[in-house]
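Hi,

Here is the structure for you to look over. My notes follow below it.

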Amino acid sequence: MAGRRLARSPGPARRDFVAGNPGAILTIEPLGTGSAPADVLAIFSSRGPSTIQGLKPDITAPGEIIYSAAITTPNEFGVSDPSGFAPISGTSQAAPHIAGGAALIKQLNPNFTVAQVKSALMNSALIDVFTNVNKTARAPVLAQGAGRVDLARAAAVTTTFSPASLSLGIKKKKNKLTLTAGLSFTNVTNAPNTYTLSVQQLETALSPLVAS
């Protein structure tokens with residue numbers, strides 16, 4: 001079954017078999033081996049800031065050596081494989097992870113707005129994304145955004161924020177600059193919440209591109 005597309009007609013039969021045989025064992029033949037370090041930022045990952053000097057990217061997701069769908073007919077403009085599947089790397093693999101994650105959070109919370117779905121994903125992300133395989137240097141904010149998406153944590157959020165991140169621009173001058181930004185909290189539970197605001201420095205040294 002590995003690497004093959006399952007047509008609609010035999011799908012229900014396999015579903016019914018699994019339902020009627022809960023102890024059945026499925027053996028999947030490996031197609032090959034490969035490895036890539038987890039939570040290490042790929043060299044092709046898009047970096048910020050935005051064109052208006054704001055914080056970007058928003059979030060990161062797995063995008064290297066992702067076994068994904070491919071067209072079966074050779075095409076010079078796209079990834080192809082006769083089996084219909086291929087190991088692919090790129091931001092085009094990370095983006096579907098986020099899109100699928102957003103769909104799951106929306107399914108779990110039908111009343112969430114788009115902004116709330118974004119907040120749930122971003123503000124529950126894991127910041128342990130690194131720039132080297134030894135994982136001694138954490139990727140800066142303008143490389144990993146809020147961090148690597150974690151759906152288990154996103155599904156358990158008790159509060160959403162608007163906006164999902166505060167961007168005060170990028171400081172290019174040495175003189176002091178005062179900026180303000182609004183932030184609102186929405187308690188998505190039926191219980192009272194208490195909030196404490198604090199600042200955590202994610203980089204060991206401030207980049208000249210990041211506002212202090």
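A word on classes before the pocket: Ala, Val, Leu, Ile, Met, Phe, Trp, Tyr, Cys and Pro count as nonpolar, Asp, Glu, Lys and Arg as charged, and the others, Gly among them, as polar. On that basis, the lining of the second largest pocket divides into 16 nonpolar, 10 polar and 3 charged residues.

This is a predicted model, where local features need pLDDT of at least 70, side-chain atom pairs count only at pLDDT 80 or more, and totals for chains, interfaces and linings use all residues. Residues are numbered from 1 along each chain as its sequence is written, and side-chain values use heavy atoms, with hydrogens and water left out.

The overall layout: the chain has 5 helices and 4 strands. Their order from the N terminus is α-β-β-α-α-α-α-β-β. These are DSSP runs, with helices H or I of at least four residues and strands E of at least two.

Of the 212 residues in the chain, 24% are buried, meaning under 20% relative accessible area with a 1.4 Å probe, protein chains only.

Now helix α3, residues 114-122. Its buried residues are Gln-116, Val-117, Ser-119, Ala-120, Leu-121 and Met-122. They pack against α2 (91-108), α5 (151-154), β3 (159-162) and β4 (184-187).

Contacts (heavy atoms within 4.5 Å) also reach along the sequence. Among those between residues at least 6 apart, 61% join residues at least 24 apart.

Best wishes

Methods:
Buried means under 20% relative accessible area, exposed over 50%, partly exposed in between (1.4 Å probe, protein chains only).
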